[in-house]
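Got your viewer open? Let's walk through this model one selection at a time, and I'll tell you what to look for at each stop.

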Amino acid sequence: MSSPLKHWQAGLFRHETILLAVLLAEWLYFDSVGRRFGTLDNTFDILRHSSEIGLLALVMTPIMLTGGIDLSVGSLLGLCAILFGKLWRDAHFSPALAGVCTLGIGAMAGGLNAALITRLRLPPLIVTLGTYSLFRGLAEAITHGVDTFTDFPPSFLALGQERRGGLPTQAWIFFAAAIGIWLLVHRTVFGRSFRAIGYAPEGAHYAGLPVERRLAMAYVLAGVVAALAAIIYTARLGQAKADAGTGYELFAITAVVLGGTSIFGGAGSVHGTLLGVATIAVLSNGLVHTRQPREVAGMLTGALLLFALASGEVSKWLAKFRAHGHAAHPTPPLSAPDSP
């Protein structure tokens, strides 16, 4: 088989190519059965409602590339939304100053996760499960479960409810974050170190990589981006409550795994994550337009996650099968020319 044909077939059966085909099939199906699904306004609505989960999924990608996980990002979003509202309403900060302080709080929360994981050598799953409860509990305690922050100024609400340059304002922030994280992961030494840590942590240590520093950077970045998502969430809804961001961490993890990032670390891509976010967003929006119960979206999202996990294992099995086939039928050596 010629080399160009091999490359074409390899690209055709890549995980991202298959996911793109699933996304296009979703779009075509919902456009044929749902009223006004394919309109430009609905496309903007999908962008508007998927920006927060998309940001969390983007920043979850480098964490999962290292073999880690962050279950606290949804709870941190809720806590940061509450603290932003409290700084604006009770401390009388301007929305800009409250936003800067909220980003700093997100960085400190991410730093807490980083310190527990890198200094105490605790498993990321256990650490972030603990901070998941801690952050949500703090949000409930601050608001006593009932206080809601509203009546934000129109200039701030424009961040989540208006358009700039024809697109929802938060879409520009999401695109900028996507480009920045893509460059970080795929075009810098940092990105290569994330994969190296996930693939072989001990080998990364022996290679001289500052593993703890890289891990700390990933979790601090997750805290900052979760705080940014909280600000956008508050601007979009016009209110901040203690239950903001509930379940968002599961959607973010699903999007990352659906995009082809291994749950064991070492393999994955930001563009795959973007496709995963788009697939989940189109599915959720399409089910609304076809008047399906909200529970159906959860079931189908879970089915997509299982499909992504199963497809990864099937790909590994096929690779082993092909390798075994090549070993069983080696290419015969070229015969030497007959001597005269």
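Select Thr128 and show everything around it: Thr128 touches Ile69, Asp70, Leu71, Ser72, Asn113 and Tyr219, leaving aside residues up to four places away in sequence. Keep in mind as you look that this is a predicted model. Thr128 belongs to helix H6, which covers residues 124–143. Is Thr128 buried or exposed? It counts as buried, because its relative accessibility is 0%, and the cut-off for buried is under 20%. Now show the side chain of Thr128 and follow it to the backbone oxygen of Pro124, which it reaches at 2.7 Å.

**Zoom out for a moment**

Colour the protein chain by secondary structure, and you should get 14 helices and two strands. The chain has 340 residues, and 44% of them are buried. Take the contacts between residues at least 6 apart in sequence: 76% of these join residues at least 24 apart.

**Into the core**

Next, go for the largest nonpolar core, which has 79 residues. Which two residues touch the most other members? Pick out Leu56 and Leu77, since those are the two to show. Then highlight helix H11, residues 211–237, which gives the most to this core, with twelve residues. As background, nonpolar side chains in soluble globular proteins tend to be buried together.

Stay on Leu77 and bring up its neighbours. Leaving out residues up to four places away in sequence, Leu77 touches Leu56, Ala226, Ala229, Ala230, Tyr233, Ala244, Gly245 and Tyr248. So what does helix H11 look like from here? Its range, residues 211–237, is worth keeping highlighted while you look at Ala226, Ala229, Ala230 and Tyr233, which are among the residues touching Leu77.

**A second buried threonine**

Jump to Thr273 in helix H13, residues 270–289. Thr273 counts as buried because its relative accessibility is 0%. What does Thr273 touch, not counting residues up to four places away in sequence? Show Ala57, Leu58, Thr61, Ala255, Val256, Gly259 and Thr261.

**Rings and a charge**

Switch to aromatic side chains. The count of aromatic pairs comes to ten. For a cluster, select Trp27, Tyr29, Phe30 and Phe37, which are linked by ring pairs. Then centre on Phe190 and add Arg214: the charged end of Arg214 sits over the ring of Phe190, 4.3 Å from the ring centre.

**Cysteines**

How many disulfides does the structure hold? Zero. A disulfide would be a covalent bond between the sulfur atoms of two cysteines. You can still compare two cysteines by their surroundings. Cys80 is buried because its relative accessible area is 1%. Cys101, with a relative accessible area of 27%, is partly exposed.

**The loop between H6 and H7**

Now find the loop after helix H6 and select Thr148, which lies between H6 and H7. Thr148 is partly exposed, with a relative accessible area of 27%. Put a distance line between the C-alpha atoms of Thr148 and Lys241: these two are 93 residues apart along the chain, and the separation is 5.1 Å. Lys241 is also one of the residues in contact with Thr148; the others, not counting residues up to four places away in sequence, are Arg89, Gln239 and Ala240.

In this loop between H6 and H7, also pick His144. His144 counts as exposed because its relative accessibility is 68%. Draw another C-alpha line, this time from His144 to Ala242: they are 98 residues apart along the chain and separated by 8.8 Å.

**Two backbone angles to check**

Asp151 sits in the loop between H6 and helix H7, residues 154–161. What is its phi? It is near 60 degrees, a positive value in a residue other than glycine. Asp151 is exposed, with a relative accessible area of 67%.

For the last stop, go to His92, in the loop between helix H4 (73–89) and helix H5 (95–118). Phi of His92 is near 60 degrees, again a positive value in a residue other than glycine. At 66% relative accessibility, His92 counts as exposed, because the cut-off for exposed is over 50%.

Note on methods: Residues numbered from 1 in each chain as written. Predicted model: local features only at pLDDT ≥ 70, side-chain atom pairs only at ≥ 80, totals over all residues. Heavy atoms only, no water. Core = buried A, V, L, I, M, F, W, Y, C linked by side-chain atoms within 4.5 Å. Buried < 20%, exposed > 50% of the residue type's maximum accessible area, 1.4 Å probe, protein only. Helix = DSSP H or I, 4+ residues; strand = E, 2+ residues; numbered from the N terminus. Contact = heavy atoms within 4.5 Å. Phe/Tyr/Trp six-rings, centres within 6.5 Å; stacked < 30°, edge-to-face > 60°. Lys NZ or Arg CZ within 6 Å of the ring centre and 35° of its normal. Polar contact = N/O pair within 3.5 Å; in protein donor to acceptor, adjacent residues only side chain to side chain. Disulfide = S-S within 2.5 Å.
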